[in-house]
Amino acid sequence: MQKQTAPKAPAEFTEVTPSAAITREGHGWRAKCLQRLIRLEMPVPHTVALSASAVRAIAAGTPPDSAGILAHFGAVPLVSVRPSPQETEWGGPGTMLNIGMNDAAHAALARSQGEGSANALYLRFVQNYATHVARIDPDVFDGLEPNATGLRAAMRAYEQEMDEPFPQDPVRQLTEVLRSMARAWEGTSARLLRQVKGAPPDAGLGLVVQEMALGMGPGISGSGVIQFVDPVTGQPQITGRYLAQSQGRAALSESEAIYLTRDRRGRSLEEEAPEVFAELVRFGTACRSRLREEMQIEFTVESGALHVLDAVKVARSSRAGVRIAVELAEDGIITPQEAVLRVEPRALSELLHRQVDPRGPRDRFAKGIAASPGAALGRIVFSSAAAQASAARGEPCILVRRETAPEDIRGMHAASAVLTERGGVTSHAAVIARGLGLPCVVGASDITLNSRDKTLEAADGRVFREGDVITVDGTRGEALAGSAEMLEPALDDWFRRLLHWADEVRDIGIRANADTPSDATTARMFEAEGIGLCRTEHMFFEEDRLTVMREMIFADTSGDRAAALDRLLPMQRNDFVRLFEIMQGKPVCIRLFDPPLHEFLPHSRDGMRDLAEALDKPLSEVTRRVEALSEFNPMLGMRGVRLGITLPEIYEMQARAIFEATVEVNRRGEPVVPEIMIPLVSARREVELVKTAVDAVAAAVRIERGASFDYRLGVMVETPRAALRAGEIAQHAAFLSFGTNDLTQMTYGLSRDDAGRFMSAYVQQGVFPEDPFHILDVDGVGELLLMAAERGRATRQDLTLSICGEHGGNPESIAFCRQAGFDYVSCSPFRVPVARLAAAHLALADPSGAAKK
């Protein structure tokens, strides 16, 4: 029988040298970065790295070889220990400085550096060791001065709490520090925190033991940090601080710190130690060119000698990240493709809107869900009418509602931002705000609205009244009192250049959902390849059109309906002319009228009375008609193609408006081939009926105008039955566009507007992996999409496939559509840049991943 051998213990530690076997996966980012700095011949203090496996063993109870580690640092070792996870974002335990400090080391330092410096170093170590390793309450050491008296008091306090003197053995000190940091990393809270930042559950921690550079003593001594770009804008600029007679990152928090470059406001390192400053600049240049990144360097100066302790990637805003990536590519340090991959698609949202300046003060009074990014300030209003009145006066306003409804759309158009007490990421307010590019915070449940008194009460008791100025930060999901300092959108050359590089590699089309000329202009600004969804019903909510629309609803005969619609015809035609002109020959997909008619009618008693006066009808008749049009479940009732078949005059008017606009724009030399989309289809016969009517209108317009034109007719797949019968529906459709909002609702049997009441509980308990209205359900809804795509293209090989729901701008949805061989995705205009970049990421990560169409 073969003898069993015991498993080998993990490698204890590795001296960091240019040729040492140091890896990011095994020893963490900090160990690998320090090795690269050493290879660049920077003055890095002597360093030893512990692997993640060794640290895990320490946490499990295996004692570290502290004596062997300290043997690398001389007879009187004085070291620091820093965390080194695989990714900087994962955090880790705090750095511990001056390990090895004891009475003997204190006496030696007092002779060489002065008693004041020695006392300060020893006291700092005692306090840090006591609180972070021995876990003594830090209040025990409050008020101690960094002198001999304070040091003696700290020693007495430690002995009283621990029933033993402060440990003098450097080996024991290092052992306890390593054990404490290893166990802290394995703690439940630490694990949850790093998993939120993207770390896997089994993520390991490396540790770095480094010889101390004291930064205290005679001559020029101190510590500081330096970086070479502005962290908010990305502009080349030397920033940082230096503090004499200090250690670590104290320069960032102490008021006595001096500037790095010459500054009229005070002293600078450039003036006091020009050689040190020049060397730091040279090191920064070397980091940028050789490490291919903008780095922040942590340094210490000891008696005029410079030591580089660490270098980390500069923390940066999204706008700074774009500029840094583009400039690195333009300087030939990285490739354009790598620049594209360095910017997270969702980070672009921050550049598209005004943002609260992170450098300014924030007086938060409410916290909710970040439903639509960007920030805006304005005066509080509590109704859509007040919002419109404020906009008419040229005053920016914030629409504050318990929750919004379709009749609030005009108020949302007029407002600068929206704040609601209820709702989730797929609520009405959230969806419309994202489409409008309007900052929005929903679900701010800690506020209380009183619509009668027109007040808003915050959780802290503050009361805000209509007319008070607040700021809504839709990026962070917060409402702030007063006018916060703002950053303007960053739609600059760096932004455009990055997206053009993205366009060169992506392999799926990106269109925009645009309902108005303003939306279309935004879509063109973000270089969408066309309009994938124009919801025509939004055009009817304007005041002059709403009255005519209501007259049509109250018409008793087909002729009366046609007469009312004839008044809407020129308005619709002008809308389409403007859309076609703005899009300059790019495809425009127009969805025929979809919502139930009751959405255009008032629901309050006062609203019905006003409508009765406008139509010159008895209030009782208006009330009866409103009640007759109400439905138990409007989402599944008389809407979409059902409305178009039972009241064909509506679709005939819209088709005529589209074709007349097409002729008008074509005659100006801009070729237009409109795409007409039939909503809520569930049967082939519905498509046949609408197609026959639309074809007849097209023939009539061709004869009347003496012009020829082409158009494409397609179907919006929103019902499971339409997906299942896509093969026969495709016989009469040039394209299928999947409306994943309604398709998700009908597949789940779930109302998007009500799902927020229990969705978080469902996700937390693992019923759904994600909110299916926020992230496309690729297993359920996705299977319907794949089935419909396969059956549709089996009937018609040249069938165009796309999605145009809220999911269209999500990177996860784009990945699914790309794999399924879809032609394009369509999303709100302000998500077009995000979608363009996400599509490029997918193409670069998996060049062969797009299915052949």
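Let's start with helices H19 and H21 in this predicted model. H19 covers residues 517-525 and H21 covers residues 558-583; their axes come within 9 Å and cross at roughly 10 degrees. A crossing angle under 35 degrees counts as roughly parallel, so that is the label for H19 and H21. On the H19 side, the residues in the contact are Pro517, Ala520, Thr521 and Arg524, and they meet Arg578, Leu579, Ile582 and Met583 of H21. Sorted by class, this contact has 5 nonpolar residues, 1 polar and 2 charged.

Now for a second helix pair, H3 and H8. H3 runs over residues 52-59 and H8 over residues 170-186, and here the axes come within 8 Å but cross at roughly 95 degrees. The range for roughly perpendicular is 65 to 115 degrees, and H3 and H8 therefore get that description. From H3, the contact takes in Val55, Arg56, Ile58 and Ala59, while H8 brings Leu178, Arg179, Ala182, Arg183 and Glu186. The make-up of this one is 5 nonpolar residues, no polar ones and 4 charged.

Stay with Arg179 for a moment. Its C-alpha atom and that of Thr62 are separated by 9.1 Å, with the two positions 117 residues apart along the chain. Thr62 is found in the loop between H3 and helix H4, the latter being residues 66-70. With a relative accessible area of 40%, Thr62 is partly exposed.

Elsewhere in H8 you'll find Gln173. Is Gln173 buried or exposed? Its relative accessible area is 0%, so Gln173 is buried. Set aside the neighbours within four places in sequence, and Gln173 is in contact with Ile99, Gly100, Met101, Asn102, Phe125, Tyr129, Phe166, Pro167 and Gln168. Several of those names come back in the aromatic story: Phe125, Tyr129 and Phe166 form one aromatic cluster together with Tyr122 and Tyr158.

That brings us to the rings. The structure holds 16 aromatic pairs. One of them is Tyr129 with Phe166: the ring centres are 5.3 Å apart and the planes stand at 75 degrees, so the pair is edge-to-face. Where do the two partners sit? Tyr129 lies in helix H6 (residues 115-132) and Phe166 in the loop between helix H7 (148-162) and H8, so the pair ties together parts that are 37 residues apart in sequence. Both Tyr129 and Phe166 are buried.

Compare that with Phe758 and Tyr762. The centres of these rings are 5.1 Å apart and the planes are at 65 degrees, so this pair is edge-to-face as well. The surroundings, though, are another matter: Phe758 counts as partly exposed at 28% relative accessibility, and Tyr762 counts as partly exposed at 34%.

Rings also turn up under charges. The charged end of Arg194 sits over the ring of Trp185, 3.8 Å from the ring centre. In a second example, Arg511 lies over the face of Tyr824, at 3.9 Å from the centre of that ring.

Next, a couple of backbone oddities. Asp163 isn't a glycine, yet it has a positive phi of about 60 degrees. Asp163 lies in the loop between H7 and H8, and with a relative accessible area of 70% it is exposed. Arg292, likewise not a glycine, has a positive phi of about 60 degrees. Arg292 lies in the loop between helix H11 (274-290) and strand S8 (295-302). At 31% relative accessibility, Arg292 counts as partly exposed.

Finally, step back to the whole chain. The secondary structure comes to 33 helices and 30 strands, and the C-alpha trace spans about 105 × 70 × 60 Å along its principal axes. Of the 853 residues in the protein chain, 55% are buried. As for how the chain meets itself, take the contacts between residues at least 6 apart in sequence: 68% of them join residues at least 24 apart.

How values were computed
Residues are numbered from 1 along each chain as its sequence is written. This is a predicted model: local features need pLDDT of at least 70, side-chain atom pairs count only at pLDDT 80 or more; totals for chains, interfaces and linings use all residues. Side-chain values use heavy atoms; hydrogens and water are left out. Axes are lines fitted to C-alpha atoms, for helices over the stretch in contact, and angles run from 0 to 180 degrees between N-to-C directions. Helices (H or I, at least four residues) and strands (E, at least two) are DSSP runs, numbered from the N terminus. Angles under 35 degrees count as roughly parallel, over 145 as roughly antiparallel, 65 to 115 as roughly perpendicular and the rest as oblique. Contact means heavy atoms within 4.5 Å. Ala, Val, Leu, Ile, Met, Phe, Trp, Tyr, Cys and Pro count as nonpolar, Asp, Glu, Lys and Arg as charged, and the others, Gly among them, as polar. Rings of Phe, Tyr and Trp (its six-membered ring) pair if their centres lie within 6.5 Å; planes under 30 degrees apart count as stacked, over 60 as edge-to-face and the rest as tilted. Buried means under 20% relative accessible area, exposed over 50%, partly exposed in between (1.4 Å probe, protein chains only). A charge sits over a ring if NZ of Lys or CZ of Arg is within 6 Å of the ring centre and within 35 degrees of the ring normal.
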